[in-house]
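Biologist: I would like to learn how to read a model like this one, feature by feature. Could we start with a single side chain and work outwards from there?

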Amino acid sequence: SVTFVLKDEDHTLGNSLRYLLMKNPSVSFCGYSLPHPSEYKVNLRIQTDGSITAVQALHKALDDLTQLCEHVQSSFVEKVRNSVASS
């Protein structure tokens, strides 16, 4: 298991990564905490079953989050274009 410190981040990224990491069957535990409300950093702890490393699990979760955000953005743009075209 490894604890990563993500600087200049908050619950938005911490909870999103925790959710995606826990969907990975190779990840046995993932949790995050913010040490102090006035400190913008997230402590992200990842524990795997040994089939992959915590770094590999984090890379996969970051890639998955990027793809998810791109999908949401393209869906939003498409819906806006369709609603403007129908008006």
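Modeller: Let us begin with S74, which counts as partly exposed because its relative accessibility is 41%, a value that falls in between the limits of 20% for buried and 50% for exposed. S74 lies in helix α2, and please keep in mind throughout that this is a predicted model.

Biologist: How far is S74 from D10 in space, C-alpha to C-alpha?

Modeller: The two C-alpha atoms are separated by 25 Å, and along the chain S74 and D10 are 64 residues apart. A useful pair to set beside this is E9 and E39, which are 30 residues apart in sequence and have their C-alpha atoms 9.2 Å apart in space.

Biologist: Where does E9 lie, and which residues is E9 in contact with once its neighbours within four places in sequence are left aside?

Modeller: E9 lies in the loop between β1 and α1, and with those neighbours left aside its contacts are Y40, K41 and V42. E9 counts as partly exposed, because its relative accessibility is 29%.

Biologist: What is notable about the phi of D8?

Modeller: The general idea is that most residues other than glycine have a negative phi. D8 is not a glycine, and yet its phi is positive, at about 60°. Like E9, D8 is found in the loop between β1 and α1, but D8 counts as exposed, because its relative accessibility is 67%.

Biologist: Let us step back to the whole chain. What pattern do the elements follow along the sequence?

Modeller: The pattern, read along the sequence, is β-α-β-β-α, and the secondary structure comes to two helices and three strands.

Biologist: How does the radius of gyration of the protein stand against that of a compact globule of 87 residues?

Modeller: The compact globule would have a value near 12 Å, whereas the protein has 16 Å. The spans of the C-alpha trace along its principal axes can be read beside that value, and they are about 55 × 35 × 15 Å.

Biologist: What share of the 87 residues is buried, and which residues have the most contacts inside the largest nonpolar core?

Modeller: Buried residues make up 24% of the 87. The largest nonpolar core has 16 residues, and those with the most contacts inside it are F4, L6, L17, L21, L44 and I46. Two or more residues of this core come from each of β1 (2-7), α1 (11-23), β2 (27-33), β3 (41-48) and α2 (54-86), and the largest share, five residues, is that of α2.

Biologist: If I wanted to follow one of these core residues, which contacts does L21 make beyond its neighbours within four places in sequence?

Modeller: L21 is in contact with V27, C30, L44, I46, A57, L58 and A61. For the protein as a whole, one can take the contacts between residues at least 6 apart in sequence, and of these 53% join residues at least 24 apart.

Biologist: Turning to charged side chains, how many salt bridges does a search of the whole structure find?

Modeller: The search finds two. In one of them, E39 pairs with K41, and their closest N and O atoms are 3.4 Å apart. Both partners are partly exposed, because E39 has a relative accessible area of 34% and K41 has one of 26%. In another, the side chains of D64 and K60 meet at 3.0 Å, N to O. D64 and K60 both lie in helix α2, four residues apart, which is about one turn of the helix. D64 counts as partly exposed because its relative accessible area is 26%, and K60 likewise because its relative accessibility is 42%.

Biologist: What makes up the nonpolar surface patch, and how is V77 placed?

Modeller: The patch is made by F76, V77, V80 and V84 and has an area of about 350 Å². V77 has its place in helix α2 and counts as partly exposed, because its relative accessibility is 31%; residues enter such a patch with over 30% relative accessible area. For the protein as a whole, the accessible surface comes to about 6,100 Å², and carbon and sulfur atoms account for 55% of this.

Key. Residues are numbered from 1 along each chain as its sequence is written. This is a predicted model: local features need pLDDT of at least 70, side-chain atom pairs count only at pLDDT 80 or more; totals for chains, interfaces and linings use all residues. Side-chain values use heavy atoms; hydrogens and water are left out. A nonpolar core is a set of buried Ala, Val, Leu, Ile, Met, Phe, Trp, Tyr and Cys residues joined through side-chain atoms within 4.5 Å. Buried means under 20% relative accessible area, exposed over 50%, partly exposed in between (1.4 Å probe, protein chains only). Contact means heavy atoms within 4.5 Å. Patches are made of residues with over 30% relative accessible area and no salt bridge: like charges are joined within 9 Å, nonpolar side chains (Val, Leu, Ile, Met, Phe, Trp, Tyr) within 5 Å. Accessible areas come from the Shrake-Rupley method with a 1.4 Å probe; for residues, only the protein chains shown count as cover. A salt bridge is a side-chain nitrogen of Lys or Arg within 4 Å of a carboxyl oxygen of Asp or Glu. The radius of gyration is taken over C-alpha atoms; the globule rule is 2.2 Å times the number of residues to the power 0.38.
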